[in-house]
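Trainee: I have a model open on my screen and would like to learn the reasoning behind its labels. Could you walk me through them?

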Amino acid sequence: MSKVTEQPSTESRKVDHIRINLENDVQFPCLTTGLERYRFLHEALPELSLDDIDTTTSLFGKQLAAPLLISSMTGGTEIAQTINRNLARGAQEHRIAMGLGSQRAAIEDSTLSVSYRIRDVAPDILLFANVGAVQLNYGYGLEHCQKAIDMVGADALILHFNVLQEAVQPEGDIDFSGLLRKVEAICAQASVPVVAKEVGWGFSEAAVRGLAGAGVSAIDVAGSGGTSWSEVEYHRAPTAFHARVARSFADWGIPTAEAIQYARRAAPSLPIIASGGLRDGIDIAKSLALGADIAGLASPFLQAASDSFQAVNALIQALKTQLRIAMLCTASRDICALKRAELQLIS
């Protein structure tokens, strides 16, 4: 367990988070995504060629070559700049979407904004800016959200919800009261669509219903089963007390498979982004068959982008190929057909 100062800066937290994710096992110890409990009915006679498979889709008026999002990870540090540019080049090359990490660091210190700016290498991608929703209770408002959007030329704004992470951080922002009406105000005034995103513990059906009513344009469920941010904070804990508290929540949350279905029931007309522990194109296919519209991955992309653009490129190519083969083997010519593919719950 590493030690940090009692009141680290936002920038130093970003460095800690990258290092810990790359160097430590911070996956949920026992809780899974739940996706392994589902399997597709294999179709031995799909009456399709692999060349017939069409993975294109659209979100917020932008065409995507595949229903794939490089999920929000980082920014605000020198190493994050390299990571984000490797990711952005991959997103541009393959015409997929990308989310940036929380931009609070650059809102607090404009010199850090360069680590988020990737439009010069990815002018055409669907790009998400990112601000912590809880900051709306700590002085942030429309001006700060718009600054995040304008800083990167974003097509949409993520408001991320990380109540457990903040609660186990010694320096965390813990006042989540009265937040829904402030989210509603941002949704009504923001210049781009607003996405509500969890960070790895999932949204309940009631939470999605409330957010949909507040006017969000999409939900990123970010369920449990992948990276446990309480485990990340365990490795950052400055004292044995804080470590003990963080470690106790290692298996907390709503598995991704359940979170997708909660969101689809609560907001049947909203775009749903599936994320949280997805690791391959089969997980992407299952997520869409469960009700999602696109799927996001973070940890595999962090590992790849820390290596090189070539590693990012290879990962995206593998994910797309896995997805296309899954579609062929379920006789799904396009994404609409995949959403109707028979997915069996394993007893």
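Trainee: What makes S6, helix H4 (residues 142–152) and S7 a right-handed β-α-β unit?

Mentor: With the strands pointing away from you, the path from the first strand over the helix to the second runs clockwise, and that is the definition of a right-handed crossover. S6, H4 and S7 fit it. Helices (H or I, at least four residues) and strands (E, at least two) are DSSP runs, numbered from the N terminus. Keep in mind that this is a predicted model, where local features need pLDDT of at least 70, side-chain atom pairs count only at pLDDT 80 or more, and totals for chains, interfaces and linings use all residues. Residues are numbered from 1 along each chain as its sequence is written, and side-chain values use heavy atoms, with hydrogens and water left out.

Trainee: How do you know that S6 pairs with strand S7 (residues 156–161)?

Mentor: Pairing takes at least two DSSP bridges between two strands. Five bridges join S6 to S7, and the two run parallel, so they pair. One of the partnerships is Gly 132 with His 160 in S7. Strand S5 (residues 97–99) is also parallel to S6, with two bridges; Met 98 has Leu 127 as its bridge partner in S6.

Trainee: Why is S6 (residues 127–132) called largely enclosed?

Mentor: Buried means under 20% relative accessible area (exposed is over 50%, partly exposed in between; 1.4 Å probe, protein chains only). Six of the six residues of S6 are buried, so the rest of the structure largely encloses this strand. Leu 127, Ala 129 and Val 131 cover one side, while Phe 128, Asn 130 and Gly 132 are buried on the other.
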